[in-house]
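Work through the exercises below with the sequence and the coordinates open. Each task is followed by a solution in steps.

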Amino acid sequence: MIHPPAVRRAGFLVAAEGVLGLLGAAIFVVRGLAGADERIVNGYGNAIWLTFVGGAVLAGGWALITGRRWGRGIAVFANLLLLGVAWFVYKSGQLNFAIPVALAAVVVLGLMFSPTTVQWMSERD
């Protein structure tokens with residue numbers, strides 16, 4: 001069976017999450033080069049971390065778009081983490097960030113556990 005549309009749709013969302021992670025890394029680098037105060041947060045360390053995580057999530061999204069099963073694990077793990085992030089952002093009172101992050105995570109998780117995706121994952125090559 002060719003991979004279902006739910007997998008491809010989730011792949012595009014996961015790839016977008018990865019791109020946003022890489023964009024965040026670039027922002028940390030630019031802030032560091034501009035001389036941002038880093039007594040509390042090390043911008044370069046965050047940039048390295050976001051480069052690895054964003055790159056992995058982007059790779060997982062690409063894998064789902066192209067029908068590779070290994071991308072599902074990355075997508076599920078990343079979006080479970082994003083639910084936790086959304087919760088703590090919500091608790092800090094920033095609903096304008098918490099709601100879109102939570103919605104994206106719930107949509108991806110819904111697509112990753114849809115019946116067609118689970119059936120596709122259980123098939124042998």
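A residue is called buried under 20% relative accessible area, exposed over 50%, and partly exposed in between, with a 1.4 Å probe and protein chains only. The model is predicted: local features need pLDDT of at least 70, side-chain atom pairs count only at pLDDT 80 or more, and totals for chains, interfaces and linings use all residues. Residues are numbered from 1 along each chain as its sequence is written, and side-chain values use heavy atoms, with hydrogens and water left out.

**Exercise 1.** Classify Gly54 as buried or exposed, and list its contacts.

Solution.
- Locate the residue: Gly54 belongs to helix 2, residues 43-65. Helices are DSSP runs of H or I with at least four residues, strands are runs of E with at least two, and both are numbered from the N terminus.
- Apply the cut-off: Gly54 is buried because its relative accessibility is 3%.
- List the contacts (heavy atoms within 4.5 Å). Beyond its neighbours within four places in sequence, Gly54 contacts Gly18, Gly21 and Leu22.
- Check a distance: from Gly54 to Val14, 40 residues away in sequence, the C-alpha separation is 9.8 Å.

**Exercise 2.** Do the same for Ala104: state its exposure class and what it touches.

Solution.
- Ala104 sits in helix 4.
- Its relative accessible area is 28%, so Ala104 is partly exposed.
- Not counting residues up to four places away in sequence, Ala104 touches Glu17 and Asn79.
- Ala104 and Ala59 are 45 residues apart along the chain, and their C-alpha atoms are 18 Å apart.

**Exercise 3.** Which residues form the nonpolar surface patch, and which helices supply at least two of them each?

Solution.
- The patch consists of Trp87, Phe88, Tyr90, Leu95, Ile99 and Leu103, with about 670 Å² of accessible area together. Accessible areas come from the Shrake-Rupley method with a 1.4 Å probe; for residues, only the protein chains shown count as cover.
- Assign the members: helix 3 (71-91) and helix 4 (95-112) each supply at least two.
- Take one member: Phe88, in helix 3, counts as exposed because its relative accessibility is 60%.

**Exercise 4.** Describe the whole chain: what are its helix and strand counts, its buried share and its exposed area?

Solution.
- There are five helices and zero strands, in the order α-α-α-α-α.
- The C-alpha trace spans about 55 × 30 × 15 Å along its principal axes.
- Of the 125 residues, 30% are buried.
- The protein exposes about 7800 Å², and carbon and sulfur atoms supply 73% of that area.
- Among contacts between residues at least 6 apart in sequence, 68% join residues at least 24 apart.

Definitions and conventions:
Patch = residues over 30% accessible without salt bridge, like charges linked within 9 Å, V, L, I, M, F, W, Y side chains within 5 Å. Salt bridge = Lys/Arg side-chain N within 4 Å of Asp/Glu carboxyl O.
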